[in-house]
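Me: I've got a model open on my screen and I keep tripping over the labels people put on it. Can you walk me through what earns each label?

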Amino acid sequence: MVQEWSNTPYRPHPPAHMGLFERLKHLRTNFIYAWTANYYAQPFVVDRGLTTTFIVVTKPEYVKHVLVNNHENYVKSSMQQATLVPLVGHGLLTSDGEFWRRQRRIMQPAFHYKRLQTFASTMTGAADEMLVRWQASKGNGEVLDVSTEMAQVTLDIICRTMFGSGIDRAQVDAVRDASAIIAQDLGTPPYADLLGLPRWFPRRLTRRVRRAIGNVQRLIEKIIVERRDNGEGGHDDLLEMLLSVRDEETGEGMTDEQLRDEVITVFLAGHDTTANSLGWAWYLLSQHPEVEARLGDEVENVLGGRLPVYEDLAKLPYTKMIFEEALRLYPPAPAFMREAIAEDQVGDLRIPAGAQVTIAPWLSHRHRELWDRPDDFVPERFAPENSKDRHRYAYIPFGGGPRICIGNAFAMMEGPLILATIAQRYRLRLVEGHIVEPQSKITLWPKNGLRMTLEPAQSLPEAAD
Ligand code: HEM
């Protein structure tokens, strides 16, 4: 079966049926292709492996049941843990139970939107530096890979917000290279997992992933040691917040090991996701001139050529809607999993103990029963009057319930601020003939990158020298 992904208009064509071997191949290499048409139309789909039941849930009430109402019965899936624990250790993303609850409680204040406001100028500053680079070297019809550019700017932002000036260019580049290897290799599930073989069956990481993970861990450990040696205090960054947080109930902070795992978790979870969503937003804008023009009008009217500040976000509702719609069509975390501790029943769905339950933003967001014109790019669907009747759990780019993404507010600030900063200066044009195809592993990114050229926006303000 040939999958067709044309660059305009962009639509998936899920087949009605698929053989087991083809399905296993897609699950390993690009899992969104493994979902047949019924996944986009049914409230849930149940598959039985050799020893494990796999369930994909899309009905919003059932998604809510797993993530919120009966969340105590659903721990992080052992299958997904096998992939993520070697990378981020026992950080927030991978821990469960009382340990997770304590870590979340002590980290939550560092991500409060009021604290995050202080990062707005770091975000627009990094975007502006990118524009200066673009203007100097790439403004003359040169082709750039917008995926790489967005990865670079979001990495710069997470480095500065996390470590202040405690990380240099070479270290940032080393992390970028390691992250690319990790994204490529780590999300390839072993056949043992896909067939539902027992957990004692051997599973291995590739050598280059182990090396990439080791490099990131050593770098982060070095930065933490340097910060502790130079004396904490006086820094206005996330590392400082994490070093200083104390559990309100016990008054305790984090051990060095916990701190390392949390820093790596936030560091890796916090840039690739936003980079991908921004890349997809530029791709969608390039295919929809009417949306692009409306974005141009909004940023010009509100900002008139200056860099946006935090307070502008409330005045840029259309920019936010574009970002939300890009997150709907191309959710950077296209699927995440839970494992049922005990047997459970929700409506007509029986979930056996040990079942691997997949929550898939990719499917929920394109579900035929939940959305009007599900595959079309329509930012207006996120206007308040058009959103009020939508079930909260039909739109889940950041998950939901107690384990909702802790960086949700960070990303919802960063995305629109970067979009507005760039849209004031440039329109991004997809190079003719460049095929854009989604690649899903742990995150979702454009497989061949995004080869684009720059066109000055109508009223082009001068970039700072
Ligand atoms: C568009 C950007 C982002 C998307 C789509 C996204 C998506 C998600 C999703 C779906 C989850 C829940 C996974 C689950 O329930 O199993 C999650 C958790 C998490 N995210 Fe994000 N994320 C984004 C940005 C960020 C940023 C900017 C940070 C940090 C600065 C971050 C840090 C985390 C952490 C630490 C968790 C684990 C939370 C917990 O389990 O308590 N994410 N993210």
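Me: What makes Thr 52, Phe 54, Ser 77, Met 79, Met 337 and Glu 339 contacts of Gln 356?
Reply: This is a predicted model, and a contact means two C-beta atoms within 7 Å. Gln 356 meets that cut-off with Thr 52, Phe 54, Ser 77, Met 79, Met 337 and Glu 339, once residues up to four places away in sequence are left out. One of those partners, Ser 77, sits 279 residues away along the chain, with the two C-alpha atoms separated by 6.4 Å.

Me: Why is Gln 356 called buried?
Reply: The bar is 20 or more other C-beta atoms within 10 Å. Gln 356 has 21 C-beta neighbours inside 10 Å, so it counts as buried. As for its place in the fold, Gln 356 lies in strand β8.

Me: How do you know that β2 and β8 are paired, and which way do they run?
Reply: Pairing takes at least two bridges. Strand β2 (residues 53–57) and strand β8 (residues 356–359) are joined by four, and they run parallel. You can spot Phe 54 standing opposite Gln 356 there.

Me: What makes the pairing in that sheet mixed?
Reply: The sheet has five strands in the order β1-β2-β8-β5-β3, it is open, and its pairing is mixed. While β2 and β8 run parallel, β5 and β8 pair in the antiparallel sense over four bridges. Met 337 has Thr 358 in β8 as its bridge partner. β3 and β5 are antiparallel too, over three bridges, with Tyr 74 partnered by Ala 340 in β5. From one strand to the next, the twist averages 30 degrees.

Me: Why are β1 and β3 said to stand at the edges?
Reply: β1 (44–48) and β3 (74–76) each have a single partner strand, so each has one side without a neighbour in the sheet.

Me: What makes β5 "mostly covered"?
Reply: Four of the five residues in β5 are buried. Two helices also pack on this sheet. Helix α2 (residues 60–69) touches β1, β2, β3, β5 and β8, and its direction makes about 120 degrees with that of β8. Helix α3 (residues 78–88) touches β3, β5 and β8, at about 130 degrees to β5.

Me: How do you know that β4 belongs in a sheet?
Reply: Two bridges join β4 to strand β12 (residues 451–456), and at least two is what pairing asks for. The two strands run antiparallel, and Leu 144 stands opposite Met 452 in β12. The sheet itself is open, with three strands in the order β4-β12-β9 and antiparallel pairing. Its edge strands are β4 (144–145) and β9 (426–430), each pairing on one side only. Packed on this sheet is α13, which touches β9 and β12 and makes about 85 degrees with the direction of β9.

Me: Why does Phe 267 count as buried?
Reply: Phe 267 has 24 other C-beta atoms within 10 Å, so it is buried, the bar being 20 or more. Phe 267 belongs to helix α12. Setting aside neighbours within four places in sequence, Phe 267 is in contact with Ile 158 and Met 162. The C-alpha atoms of Phe 267 and Leu 155 are 8.5 Å apart, with their positions 112 residues apart in sequence.

Me: What makes Met 162 stand out in the largest nonpolar core?
Reply: That core has 87 residues, and Met 162 is one of those that touch the most other members, along with Val 263, Ala 281, Trp 282, Ala 326 and Leu 419. Beyond its neighbours within four places in sequence, Met 162 has contacts that include Leu 238, Leu 239, Val 263, Val 266 and Phe 267.

Me: Which residues are closest to the ligand, and what makes up its shell?
Reply: Of the 22 residues surrounding the ligand, the closest are Gly 270, Thr 273, Gly 399, Cys 405 and Gly 407. By kind, the shell divides into 13 nonpolar, seven polar and two charged residues. Glycines count as polar in this split. Helices α12 (256–269), α13 (272–287) and α18 (408–423) each supply at least two of the shell residues.

Conventions:
Residues numbered from 1 in each chain as written. Predicted model: local features only at pLDDT ≥ 70, side-chain atom pairs only at ≥ 80, totals over all residues. Core = buried A, V, L, I, M, F, W, Y, C linked by C-beta atoms within 7 Å. Buried ≥ 20, exposed ≤ 12 C-beta atoms within 10 Å, placed from the backbone. Axes fitted to C-alpha atoms, helices over the stretch in contact; angles between N-to-C directions. Near = placed C-beta within 6 Å.
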